[in-house]
Amino acid sequence: MALALRLGLSTLLALIGVAGLVQLTLQPPLASRTGTSAAVVLADLEAQEALLDQRQQAALLLNRFVGAQITRYFWGGFSAYLDVLGIEVPQDMQPQLEVDDQSAQLTVTPRTGKETYVARVEAIESVPRGVVCRGEGDPGAFPFQADRLGCPLGWRSLGSLRRLRPTP
């Protein structure tokens, strides 16, 4: 035990010495730095976690919407009812569904936060194409380039769930 303690202490002192040689600034842990309180840091981390959870929930919902609307299109047209598509919107999100002969769009606005999430499916030359986006405010026009439906200007793709999950 004493040997392990000496080895650990000498390793720590060696790392501090190397940091001094290369002039790295050693900073205390985030929560103990002056000017920031632990409560502020924890509140920021909770807000970030809530936003990521909200995005993941929206991505799951809107990707299901796109898949269901594409399937419905091939069976005779877009559906104007979420329950027919087998989609249930969480209580903390406000849905707005717009459907016409050539497109279907679901806009989801969370009760908290600034982001808005939107999924759009358009039948272009009798081929349905969909996109899922996130942004602020009302989405503008959805551009069509290189056989793909894109997000409105200033909006970002919400993408698939695989990109939202943290890697182990």
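This passage describes the disulfide, the aromatic pairs and a nonpolar surface patch of a predicted model.

In the predicted structure, the count of disulfides comes to one. The link is formed by Cys-133 and Cys-151, whose sulfur atoms lie 2.1 Å apart, and because a pair of cysteine sulfur atoms within 2.5 Å is taken as a disulfide, this pair qualifies. The two cysteines belong to distant parts of the chain, 18 residues from each other: Cys-133 is placed in strand S4, which covers residues 127-135, while Cys-151 falls in the loop that runs between strand S6 (148-149) and strand S7 (156-157). The link of Cys-133 and Cys-151 is left-handed, with an angle of -95 degrees about the S-S bond. Both ends of the disulfide are buried, since Cys-133 has a relative accessibility of 0% and Cys-151 has a relative accessible area of 18%, and the term applies to values under 20%.

Aromatic contacts were searched for across the whole structure, and two pairs were found. In one of them, the rings of Tyr-73 and Phe-74 are arranged edge-to-face, with 5.9 Å from centre to centre and 70 degrees between the planes. The partners of this pair are unlike in their exposure, Tyr-73 counting as buried at 17% relative accessibility, whereas Phe-74, at 58%, counts as exposed. Tyr-73 also pairs with Phe-78, the ring centres being 5.1 Å apart and the planes standing at 35 degrees, so that this pair is classed as tilted; the reason is that planes under 30 degrees apart would count as stacked and those over 60 as edge-to-face. In contrast to Phe-74, which is exposed, Phe-78 is buried, as is Tyr-73. Tyr-73 therefore takes part in the edge-to-face pair with Phe-74 and in the tilted pair with Phe-78, and the three residues Tyr-73, Phe-74 and Phe-78 make up one aromatic cluster.

On the surface of the model, a nonpolar patch is formed by Leu-9, Leu-13 and Ile-16, which together contribute about 290 Å² of accessible area. Of these residues, Ile-16 is located in helix H1, a helix that comprises residues 2-21. Ile-16 is partly exposed, because its relative accessible area of 42% falls between the limits of 20% for buried and 50% for exposed residues; the value of 42% is also over the 30% that is required of a residue in a patch.

Methods
Residues numbered from 1 in each chain as written. Predicted model: local features only at pLDDT ≥ 70, side-chain atom pairs only at ≥ 80, totals over all residues. Heavy atoms only, no water. Helix = DSSP H or I, 4+ residues; strand = E, 2+ residues; numbered from the N terminus. Buried < 20%, exposed > 50% of the residue type's maximum accessible area, 1.4 Å probe, protein only. Phe/Tyr/Trp six-rings, centres within 6.5 Å; stacked < 30°, edge-to-face > 60°. Patch = residues over 30% accessible without salt bridge, like charges linked within 9 Å, V, L, I, M, F, W, Y side chains within 5 Å. Areas by Shrake-Rupley, 256 points an atom, 1.4 Å probe, with all protein chains shown as cover. Salt bridge = Lys/Arg side-chain N within 4 Å of Asp/Glu carboxyl O.
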